[in-house]
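Hi everyone, thanks for making time. I'd like to walk you through a structure that is probably new to most of you.

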Amino acid sequence: MFWRSVVGKLWFTILLLVCFVLVILTVLLLEFFENYHVLDAERELLQTASKVSEVVQEYDDKKLIQSMAELIKDPSSQVLVTYNSDEFISSDSNSNDLPAVGYDWFMSDPELSSVIKENEDVMKVAGFAQSDLEIMVVGTPLSNGEGAVFVYQSLDTIQKTSDQTTKIVFLGAGIAIILTTIFAFFLSTRITAPLIKMREGALELARGEFNTKIPILTHDEIGELAMAFNRMGRELKFHINAVNQEKEQLSGILRSMADGVLTINRQGEILVSNPPADQFYQSWIYENDGKEPAHGKREVPQPMRKLFDEVIETEQEVITEITVQGRTWVMLMTPLYDRTYIRGAVAVLRDMTEERRLDKLRKDFIANVSHELRTPISMLQGYSEAIVDDVAETKEDKNELAKIIHDESLRISRLVNELLDLARMEAGHMTLYMDSVDIMPFLEKIIRKFQGLANEREINLQLHSSDAQGTIHIDADRIEQVLTNLIDNAIRHTNDYGAVDVIADRTPDQWIVKVTDSGLGIHEEDLPFVFERFYKADKSRKRENSKKGTGLGLAIAKNIIEAHKGSIHVHSRVNEGTTFTFTLPTELEQGEK
């Protein structure tokens, strides 16, 4: 039975094929290496003979020639230099099997004697009558034609090398056969794997998994069995695929929706939900210290329960707004019909937090602008009425009222211009006119501009720099606007006899500028909002001249610094002072715009 099975056939075929190939390859390799070793030995002996011949031609000292021959030849070979029957030189050999032969032995062989008689190279394998030993002999004539150099070596040395090669070849063949046997059994197990899958597929089909399909890879008994299995489940698979496709399409639509969707059955259990709806459900559980049910059935959150009951009873859609974990959700719940029977409801949840935040920002902006404009407009109206009604009798009084009206109009103009600048910056329409600026003269010019104001208040205004020499590529007017705002704020919010320090420093990656004052500082809860529009930290910095500010300076400064690809931040402690720090990347030095 084993030889009739697919496993037995495959294993026997692979093993037989590999053995056949290995036998042929082994025979060819052995023949090749045997010939190769013989030819290699002949070539080496001929080279030795040629070198000894050159030595003989160069020197006449026989002892020197013998010493040189010992150095040139292989230890297992022997050299014989002959001039005639009575005069020859013979070297030693470390091979005990190699006999000592003389001039007469070489001359007795017709082929070897032709080296001297015919003056030509000879290579031959010769033997001895008294023993089975064979040697390889190479002869080359001397250039004077009166002698020859013979180099001979025992074939046993070559045979040892061939035997070693034969062992390696047979060892490789044996390893290959073992590996082939392992591979054949491994492959046979891979063949039986589809049979195991068919059995598992049959069990899955019995459990209702009609989507199971076995690939048909062969046309033997395994392929026929797979074909019969697939034919049995084809019709069932077609219908199941149609249902799964519709389900996946619906699931993909739900996952891609930005709004949350909940499908609820009549018992109030959540059947289907998408990621935004899951976020709402998890937030509701966290806020109400609830836990998900262990049985895995999720129920309608309590804020939705009354709404759900109303939809089921009235069979009409209902809309409401729910706040969970600080986020505002608008929910639209619609009844879900099964033909004429209401089997549940579908709730659509939309996160309106950002919209509500923007609405609040718009309202706050209008309120802030109205608040900022109300005072100067009231003053303009009041003082202009005073002039019209001739309340101011003298020319000096009228001039004073006119000056107040002029200052308030400038205040309104400044507020409107700053609002326009801020709007352009936030819309990304700000244009930077970049130029190389020497940092220290630039900072010193700004410090000199405020030195008079600081001296009036007896405030110590100083510039400090550790390593800020060099140039920086910036929009000088915009950066001066930032520094002007920061230094002006520091002076206005610092007590008399205080100190304001401007510190400039440079690192390999960025320029760092700090404006530090010894004023009253900013409360910790106000720090996150100092860069917002119309923000004024009046709670910690109450000074009369601070009323001149519009609350837009720091917002504009932040936009300018970010347009230069830098950053600005603030550190402050009440009654200890405030430090504004902004950084500019050094790559702006390369002309970045």
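I'll go through two sheets, the helices on them, a couple of aromatic pairs and one aspartate.

Before anything else, keep in mind that this is a predicted model.

Okay, let's start with the first sheet. It's an open one, with 6 strands in the order 8-7-6-11-10-9, and the pairing is antiparallel. At the edges you'll find strand 8, residues 298-299, and strand 9, residues 318-324, and each of those pairs on one side only. Now look at strand 6 and strand 7: they run antiparallel and are joined by 3 bridges. If you want a spot to click on there, T263 stands opposite V272 in strand 7.

Then there's a helix on this sheet. Helix 7, residues 275-287, packs on it and touches strand 6, strand 7, strand 8, strand 9, strand 10 and strand 11. The direction of helix 7 makes about 55° with that of strand 9.

Now, aromatics. How many aromatic pairs does the count come to? It comes to 2. One of them is F280 with W329: the ring centres are 5.4 Å apart and the planes are at 70°, so we call that pair edge-to-face. What I like here is where the partners sit. F280 is in helix 7 and W329 is in strand 10, so the pair ties together parts that are 49 residues apart in sequence. Are these two buried or exposed? F280 has a relative accessibility of 0%, so it counts as buried. W329 comes in at 3%, so it counts as buried too.

The other pair is F531 with F580, also edge-to-face, at 6.2 Å centre to centre and 90° between the planes. F531 is in the loop between strand 16 and helix 13, while F580 is in strand 18, so to speak across a gap of 49 residues, and the pair links distant parts of the chain. F531 is buried, with 15% relative accessible area, and F580 is buried as well, at 5%.

That takes us to the second sheet. Here 5 strands form an open sheet in the order 13-15-16-18-17, and this time the pairing is mixed. Strand 13 (460-465) and strand 17 (567-573) are at the edges with a single partner strand each, so one side of each has no neighbour in the sheet. On average, neighbouring strands in this sheet are turned by 15° against each other, direction ignored. In the antiparallel sense, strand 16 and strand 18 pair over 8 bridges, and one place to look is V513, whose bridge partner in strand 18 is F582.

Helices pack on this sheet too. Helix 12, residues 476-492, touches strand 13, strand 15, strand 16 and strand 18, and its direction makes about 25° with that of strand 16. Helix 13 touches strand 17 and strand 18, with about 25° between its direction and that of strand 18.

Last stop, back up the chain: D259. You'll find D259 in the loop between helix 6 and strand 6. Why does D259 count as buried? Because its relative accessibility is 16%, and the cut-off for buried is under 20%. Beyond its close sequence neighbours, D259 is in contact with N274, P276, V348, L349 and R350. With R350 there's a polar contact, side chain to side chain, at 2.8 Å. And D259 and W329, from our aromatic pair, are 70 residues apart in sequence but 9.9 Å apart in space, C-alpha to C-alpha.

That's my tour, so over to you for questions.

Technical notes. Residues numbered from 1 in each chain as written. Predicted model: local features only at pLDDT ≥ 70, side-chain atom pairs only at ≥ 80, totals over all residues. Heavy atoms only, no water. Helix = DSSP H or I, 4+ residues; strand = E, 2+ residues; numbered from the N terminus. Buried < 20%, exposed > 50% of the residue type's maximum accessible area, 1.4 Å probe, protein only. Contact = heavy atoms within 4.5 Å. Polar contact = N/O pair within 3.5 Å; in protein donor to acceptor, adjacent residues only side chain to side chain. Pairing = 2+ DSSP bridges. Axes fitted to C-alpha atoms, helices over the stretch in contact; angles between N-to-C directions. Phe/Tyr/Trp six-rings, centres within 6.5 Å; stacked < 30°, edge-to-face > 60°. Lists of a residue's contacts leave out its neighbours within four places in sequence.
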